[in-house]
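Colleague: I would like a close look at a single part of this protein. Please set the scene, then stay with one residue for a while.

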Amino acid sequence: PEPVAQAHFDRLVAIGKNALPTLALVYRDPGSTDFENWVSARAMGRIGGEGAVNTLIEGLKAKRIIMRLGAVSGLAMLKDDRSVPPLEKALFDQAMTVRAAAADALGGLGTRTSSKALVESLNLPANYHQGQSLFVREHIVLALGNVGSIAGIDALVGVLEDSDPRIAFAAIRSLTQITGITYRDRSMGEQ
């Protein structure tokens, strides 16, 4: 029923700003299911507007992970500069999926000043398990490349020797994005 669900979602979004009060109520309702929270957050992200931005920013403080994740996703769609500071705070969320989604959202927004928060979050103890990098670090490294600030270069150089080759490859890609110079470590093979 994926096409049917998408058609329903598209009709909901087509209602536009008139749907925002109801979507915000569903999103905030503690009795709403995870699916309802997710869909309402995404719909607000597609519709946009002041109310959507404010509701989603507030949602980053919710107790439920799905609400915080939905808020990040909706804010990423809005591409509103007001969401940058709250998304930077989300890089330090308790839930790894929220941290990864926040990094992706910040990378999509491309605000160079976000490199500071991205660098600070890169080596959080919560982003490692038994000394090994977790997937969230790759998202952060790629976001550093997408924001394109030279302030991220030292952190990227620092992870070139990471034990996880995905992190090292992501760092090479991000360094290339920032500097315009192609970097290759022949010992890592072609990628």
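**A close look at R99**

Modeller: Of the 191 residues in the protein chain, 47% count as buried. Keep in mind that this is a predicted model.

Start with the whole chain. The protein chain holds eleven helices and two strands. Read from the N terminus, its elements run α-α-α-α-α-α-α-α-β-β-α-α-α. The C-alpha atoms fill a box of roughly 55 × 35 × 35 Å along the principal axes. A compact globule of 191 residues would have a radius of gyration near 16 Å, and the 18 Å of the protein chain agrees with that. Now look at the contacts between residues at least 6 apart in sequence: 62% of them join residues at least 24 apart. The surface comes next. The protein chain exposes about 10100 Å². Carbon and sulfur atoms supply 57% of that area.

Now zoom in on R99. Where does R99 lie? Find helix 7, which covers residues 96-109, and R99 is there. Is R99 buried or exposed? R99 is buried. Yet R99 has no salt bridge. The nearest side chain of opposite charge belongs to D93, and D93 is 5.9 Å away. A salt bridge needs the charged atoms within 4 Å, so D93 does not make one with R99.

What does the side chain of R99 meet instead? Take the polar partners in turn. A polar atom of the R99 side chain lies 3.1 Å from the backbone oxygen of Q94. The side chain of N127 also joins the side chain of R99, in a polar contact of 2.9 Å.

Next, widen the view to the surroundings of R99. Set aside the neighbours within four places in sequence. R99 is then in contact with A90, L91, F92, D93 and Q94, and also with L124, A126, N127 and V136. Q94 and N127 are thus in this list, and you have just met both as polar partners of R99. D93 is in the list too, although it forms no salt bridge with R99.

For another buried residue, turn to S32. S32 lies in the loop between helix 2 (20-28) and helix 3 (34-47). At 6% relative accessibility, S32 counts as buried. A polar atom of the S32 side chain lies 2.6 Å from the backbone oxygen of V26. Beyond its neighbours within four places in sequence, S32 is in contact with V26, N37 and R64.

Definitions and conventions:
Residues are numbered from 1 along each chain as its sequence is written. This is a predicted model: local features need pLDDT of at least 70, side-chain atom pairs count only at pLDDT 80 or more; totals for chains, interfaces and linings use all residues. Side-chain values use heavy atoms; hydrogens and water are left out. Helices (H or I, at least four residues) and strands (E, at least two) are DSSP runs, numbered from the N terminus. Buried means under 20% relative accessible area, exposed over 50%, partly exposed in between (1.4 Å probe, protein chains only). Lys and Arg count as positive and Asp and Glu as negative; His and the chain ends are not counted. A polar contact is a pair of N or O atoms within 3.5 Å; within protein, one must be able to donate a hydrogen and the other to accept it, and residues adjacent in sequence count only if both atoms are side-chain atoms. Contact means heavy atoms within 4.5 Å. The radius of gyration is taken over C-alpha atoms; the globule rule is 2.2 Å times the number of residues to the power 0.38. Accessible areas come from the Shrake-Rupley method with a 1.4 Å probe; for residues, only the protein chains shown count as cover.
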